[in-house]
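Me: Could you take me through this structure slowly, setting each term against the value that earns it?

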Amino acid sequence: VGPLMCRILEKIVRCVFVCASILGLGFVSQVQAQTSPAITNGVQWLAAQVLPDGSLATEATSVATVLQSRSETAFTLKALSTVPGNLVTAIASETDDNTEYLARQAIAMLAAGQDASVQIKTLLQRQNDDGGFGGAPMYASNPLDTAWALIALNASGQTTTVPGALGYLQAVQQPDGSFGLDGHADIYTSAYVLSALHLYASVFPMSTVIQSTTNYLMVAQSVS
């Protein structure tokens, strides 16, 4: 598969992730995958990209970072098939410990049934007084890193710090329903925040925040 096809497939995957976030549907189930030839072929192609050392055959041409590419691959394979152990090992070996990467590591490791207590403990230590999470220790809170922390905490079953993080997100949501960095609306950040909010919608009263962000993303989709 050439670089052009890789970019096309990446755009498709990103669209699936955003649409799933907007609609609150999560990933396609394994049952659906088994009945859809297109999805089956896609899963087979994706699994074939995982090399023996856990790297991806196409990661050098990806617009995403190496860890982002590997973790998104792991998340997708977990939802639709099984996660290769060598892929998870490669993800766990990442030494950059920014908050997003720690969260991605924890989610992938937990999906594979591995212990991610070190990553979760480190994430918890990064929660700021305002309830949010920054990109590293002592960094100011931002919606994207807070969303990643919430997704990882949900995967781990840790709930003690969740109310504070959700409160932070409610406080920084923009009037148009968006979330962003430095006060600027950002579709990417808003989509990931919405994904995080949906994970807690059945426990915490987040319907107004969720609906507002959904409306923002739907409008953004219609004008893009």
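**Rings, helices and a loop residue**

Reply: In this predicted model, Y188 and Y192 sit four residues apart, about one turn of the helix, and both belong to helix α10.

Me: What makes Y188 and Y192 an edge-to-face pair?

Reply: Their ring centres are 5.0 Å apart and their planes stand at 65°; since a pair needs centres within 6.5 Å and edge-to-face needs planes over 60 degrees apart, the two rings form an aromatic pair that is edge-to-face.

Me: Why is the pair of W148 and Y192 called tilted?

Reply: The structure holds four aromatic pairs, and in this one the centres are 4.9 Å apart with the planes at 35°. Planes under 30 degrees apart would count as stacked and over 60 as edge-to-face, so the rest, where this angle falls, are tilted.

Me: How do you know that this pair ties together parts separated in sequence?

Reply: W148 lies in helix α8 (residues 143-156), whereas Y192 lies in helix α10 (residues 187-199), so the parts that the pair ties together are 44 residues apart in sequence. Both rings also belong to one aromatic cluster, formed by F75, W148, Y188 and Y192.

Me: Which of W148, Y192 and Y188 are buried, and which are partly exposed?

Reply: Buried means under 20% relative accessible area, so W148, with 2%, is buried, and Y192, with 12%, is buried as well. Y188 has 31%, which lies between the 20% and 50% limits, and is therefore partly exposed.

Me: Why are α7 and α8 called oblique to each other?

Reply: The axes of helix α7 (residues 117-124) and α8 come within 11 Å and cross at roughly 135°. That angle is not over 145 degrees, as roughly antiparallel would require, and it lies outside the 65 to 115 range for roughly perpendicular, so the two helices are oblique. The crossing in which α7 passes α8 is left-handed.

Me: What makes up the contact between α7 and α8?

Reply: From α7 come I120, L123 and L124, and from α8 come A152, L153 and S156. These residues divide into five nonpolar, one polar and no charged.

Me: What is notable about phi of M138, and how do you know whether M138 is buried or exposed?

Reply: Most residues other than glycine have a negative phi. Phi of M138, however, is near 75°, a positive value in a residue other than glycine. M138 is found in the loop between α7 and α8, and because its relative accessibility of 82% is over the 50% cut-off, M138 counts as exposed.

How values were computed: Residues are numbered from 1 along each chain as its sequence is written. This is a predicted model: local features need pLDDT of at least 70, side-chain atom pairs count only at pLDDT 80 or more; totals for chains, interfaces and linings use all residues. Side-chain values use heavy atoms; hydrogens and water are left out. Rings of Phe, Tyr and Trp (its six-membered ring) pair if their centres lie within 6.5 Å; planes under 30 degrees apart count as stacked, over 60 as edge-to-face and the rest as tilted. Buried means under 20% relative accessible area, exposed over 50%, partly exposed in between (1.4 Å probe, protein chains only). Axes are lines fitted to C-alpha atoms, for helices over the stretch in contact, and angles run from 0 to 180 degrees between N-to-C directions. Angles under 35 degrees count as roughly parallel, over 145 as roughly antiparallel, 65 to 115 as roughly perpendicular and the rest as oblique. A crossing is left-handed if the near helix is turned anticlockwise from the far one by less than a right angle, and right-handed if clockwise. Contact means heavy atoms within 4.5 Å. Ala, Val, Leu, Ile, Met, Phe, Trp, Tyr, Cys and Pro count as nonpolar, Asp, Glu, Lys and Arg as charged, and the others, Gly among them, as polar.
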